[in-house]
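Here are my notes on the model you sent over. Have the structure open while you go through the points.

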Amino acid sequence: MPEENPTVLVVDDDPQMRDSIGQLLRSLGMNNKLFASVSDFLKSEKPDGPSCLVLDVRLPGRSGLEFQRDLAAADRDLPIIFITGHGDIPMTVQAMKGGAIEFLTKPFRDQDLLDAVEAGLVRDRARRTSENALAALRERFEALSPREREIMVEVTQGRLCKQIAGDIGLAEGTVKVHRSRMMRKMKAGSLPELSRMADKLKLVSEELQHC
């Protein structure tokens, strides 16, 4: 399916700055949504496609840095470009430690903002691609039978078919059949590839927790 269009979200209580950024983005054909405060932003719907957030540090209500912490606590991985008219080194360090893409002091060059926005969208595209791949992997795993899931966990822990058969009380040939079906359903071309899938699904760690 084609990727949805990216959207740049802008939160700044200065209407002139907000409109200026919006015009710049629109001049390059970029979708954007403009907000005067964090509360306005929170009332809006999340974009369907890749997105990044251009966020003023000083805002009415929740500040930009406080909102960055809120997003992290909510496990919402939204790339942030901070803008401010009153930046200092501790503020910049705090923002960058929190994972910000860039920290720009007003007035900034249009190109610096556009470069930061592009970096943010690249990061969000990569995140979405990774999340979609993991969702597809989970779907394949859930399509396995309970026995196939059990054997996948055993195989990715380095157990041989003969050992697995002895543990679960099946003939070795039966285990091999289950393993072959499991590999095909998971679309794994090799055991190392299957092990990487198990790591992404955190199968081994989950299994150990239940021991």
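1. A contact here means heavy atoms within 4.5 Å. Counting contacts in the chain with a separation of 6 or more, 62% are between residues 24 or more positions apart. Bear in mind that this is a predicted model.

2. On to the overall shape. The radius of gyration is 24 Å, whereas a compact globule of 211 residues would come out near 17 Å. Measure along the principal axes and the C-alpha trace spans about 75 × 35 × 30 Å.

3. How many helices and strands are there in the chain? You should find 10 helices and five strands.

4. Now the inside. Of the 211 residues, 39% count as buried. The largest nonpolar core has 21 residues, and the members that touch the most others are M152, M182, M186 and L194. Two or more residues of this core come from each of α5 (110-142), α6 (146-156), α7 (161-168), α8 (172-186) and α9 (191-201). As background, nonpolar side chains tend to be buried together in soluble globular proteins.

5. M182 is worth a click. Leaving out residues up to four places away in sequence, which residues does M182 touch? They are L144, E148, I151, M152 and L194. Two of these, M152 and L194, are also on the list of core members with the most partners.

6. Last, the surface and the charges. The accessible surface adds up to about 12200 Å², with 50% of that belonging to carbon and sulfur atoms. I get 31 positive and 33 negative side chains, and the centres of the two sets are 7 Å apart.

Notes
Residues are numbered from 1 along each chain as its sequence is written. This is a predicted model: local features need pLDDT of at least 70, side-chain atom pairs count only at pLDDT 80 or more; totals for chains, interfaces and linings use all residues. Side-chain values use heavy atoms; hydrogens and water are left out. A nonpolar core is a set of buried Ala, Val, Leu, Ile, Met, Phe, Trp, Tyr and Cys residues joined through side-chain atoms within 4.5 Å. Buried means under 20% relative accessible area, exposed over 50%, partly exposed in between (1.4 Å probe, protein chains only). Helices (H or I, at least four residues) and strands (E, at least two) are DSSP runs, numbered from the N terminus. The radius of gyration is taken over C-alpha atoms; the globule rule is 2.2 Å times the number of residues to the power 0.38. Accessible areas come from the Shrake-Rupley method with a 1.4 Å probe; for residues, only the protein chains shown count as cover. Lys and Arg count as positive and Asp and Glu as negative; His and the chain ends are not counted. The place of a charge is taken as NZ of Lys, CZ of Arg, CG of Asp or CD of Glu.
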